[in-house]
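Biologist: Could you take me through one spot in this model up close? I'm new to this, so plain words please, and tell me what lies around it too.

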Amino acid sequence: MIHNKTSIGAVQRKLASAKYLYYFIISVVIILLIGCTNYMDMEEQEALKKLKDNYGSSIYSYNYDSNRKHIIMIKIKDDLSITKLPEELRAFKKLEEIKILNCNVTEVPEFITEFPELKALWMEGNPIKEIPSFITKCHKLNILDISSTEV
């Protein structure tokens with residue numbers, strides 16, 4: 001039976017090397033993850049993808065606030081197949097502006113009150129008949145465009 005004797009110093013050096021290799025690998029993984037990560041909230045990313053998949057070119061534009069890392073404005077226009085505000089909008093908790101222009105939306109949904117930062121709601125060119133009383137719960141709302149509606 002052959003015994004290999006290894007000194008404590010050699011074992012310590014191997015452990016130190018393994019530790020540094022571990023730190024190096026972890027650092028590389030973190031750098032790669034940071035470089036590949038879109039800082040937009042994951043729920044917002046998924047909702048935006050669904051909106052684009054469902055409505056394609058009707059998602060005319062959106063504004064992304066890079067400081068707060070959230071979408072703050074969504075604009076959908078010229079799609080008569082849209083009869084209500086898309087549920088996917090609920091994912092955008094920091095929305096300040098919603099523009100649904102020249103679609104076929106017939107009412108303002110109550111979930112509009114879930115946007116504490118909502119400052120502007122543009123519903124121009126939709127067959128909306130009335131503005132619901134719950135709209136008063138949108139405390140920061142200072143623009144409500146209902147031109148060319150049935151109100």
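Biologist: Which residue lies over the face of Trp-122, and how far is it from the ring centre?

Modeller: That's Lys-99, and it is 5.3 Å from the ring centre. Keep in mind that this is a predicted model, not an experimental one. There is one more lysine over a ring to look at: the charged end of Lys-19 sits over Tyr-20, 5.6 Å from the centre of that ring.

Let's get our bearings before going further. The protein chain has 151 residues, and 34% of them count as buried. Its secondary structure comes to two helices and five strands. If you walk along from the N terminus, the order is α-α-β-β-β-β-β, with both helices ahead of the strands. Looking at contacts between residues with a separation of 6 or more, 38% join residues that are 24 or more positions apart.

Now back to Trp-122, and to a residue that touches it. Once you leave aside neighbours within four places in sequence, Ile-98 is in contact with Trp-122. Ile-98 also has contacts with Ile-74, Leu-85, Leu-89, Ile-112, Phe-115, Leu-118, Ala-120 and Leu-121. So what does Ile-98 belong to? In soluble globular proteins, nonpolar side chains tend to be buried together. Here the largest nonpolar core has 28 residues, and Ile-98 is among those with the most contacts inside it, along with Ile-74, Leu-85, Leu-89, Phe-92 and Ile-112. Three elements give two or more residues each to this core: helix α2 (42–55), strand β2 (70–77) and strand β3 (97–101).

Phe-115, one of the contacts of Ile-98, brings us to another ring. The structure holds one aromatic pair. Its members are Phe-111 and Phe-115, whose ring centres are 6.3 Å apart; their planes meet at 75 degrees, so the pair is edge-to-face. Both rings belong to buried residues: Phe-111 has 6% relative accessibility, and Phe-115 has 2%.

Next, try Lys-119. You'll find it in the loop between β3 and β4 (120–122). Is it buried or exposed? Neither one, really: with 34% relative accessibility, it counts as partly exposed. Its C-alpha atom is 8.7 Å from that of Ile-98, although the two residues are 21 apart along the chain. Beyond its neighbours within four places, Lys-119 is in contact with Glu-96, and also with Lys-140, Leu-141, Asn-142 and Ile-143.

That same loop between β3 and β4 also holds Asn-102. Most residues other than glycine have a negative phi. Asn-102 is not a glycine, yet its phi is positive, near 55 degrees. Its relative accessibility is 34%, so it is partly exposed. Ser-148 is another case: its phi is about 60 degrees, again positive without being a glycine. Look for Ser-148 in the segment after β5 (143–145), where it counts as exposed at 60% relative accessibility.

While we're looking at loops, find Ser-81 in the one between β2 and β3. Ser-81 is exposed, with a relative accessible area of 56%. Its C-alpha is 8.9 Å from that of Val-105, which is 24 residues away in sequence.

What about the cysteines? Cys-103 is buried, at 2% relative accessible area, and Cys-138 is buried too, at 7%. A disulfide is a covalent bond between the sulfur atoms of two cysteines. A search of the whole structure finds zero of them.

Lastly, how sure is the predictor? The average pLDDT of the chain is 83, and 83% of the residues score at least 70. Strand β4 has the highest confidence, at 96, while strand β1 (residues 59–65) has the lowest, at a mean of 68. Go carefully with residues 36–40 as well, where the pLDDT is below 50; this stretch still has nine contacts in the model beyond near neighbours in sequence.

Note on methods: Residues are numbered from 1 along each chain as its sequence is written. This is a predicted model: local features need pLDDT of at least 70, side-chain atom pairs count only at pLDDT 80 or more; totals for chains, interfaces and linings use all residues. Side-chain values use heavy atoms; hydrogens and water are left out. A nonpolar core is a set of buried Ala, Val, Leu, Ile, Met, Phe, Trp, Tyr and Cys residues joined through side-chain atoms within 4.5 Å. Buried means under 20% relative accessible area, exposed over 50%, partly exposed in between (1.4 Å probe, protein chains only). Helices (H or I, at least four residues) and strands (E, at least two) are DSSP runs, numbered from the N terminus. Contact means heavy atoms within 4.5 Å. Rings of Phe, Tyr and Trp (its six-membered ring) pair if their centres lie within 6.5 Å; planes under 30 degrees apart count as stacked, over 60 as edge-to-face and the rest as tilted. A charge sits over a ring if NZ of Lys or CZ of Arg is within 6 Å of the ring centre and within 35 degrees of the ring normal. A disulfide is a pair of cysteine sulfur atoms within 2.5 Å. pLDDT is the predictor's confidence in each residue, from 0 to 100.
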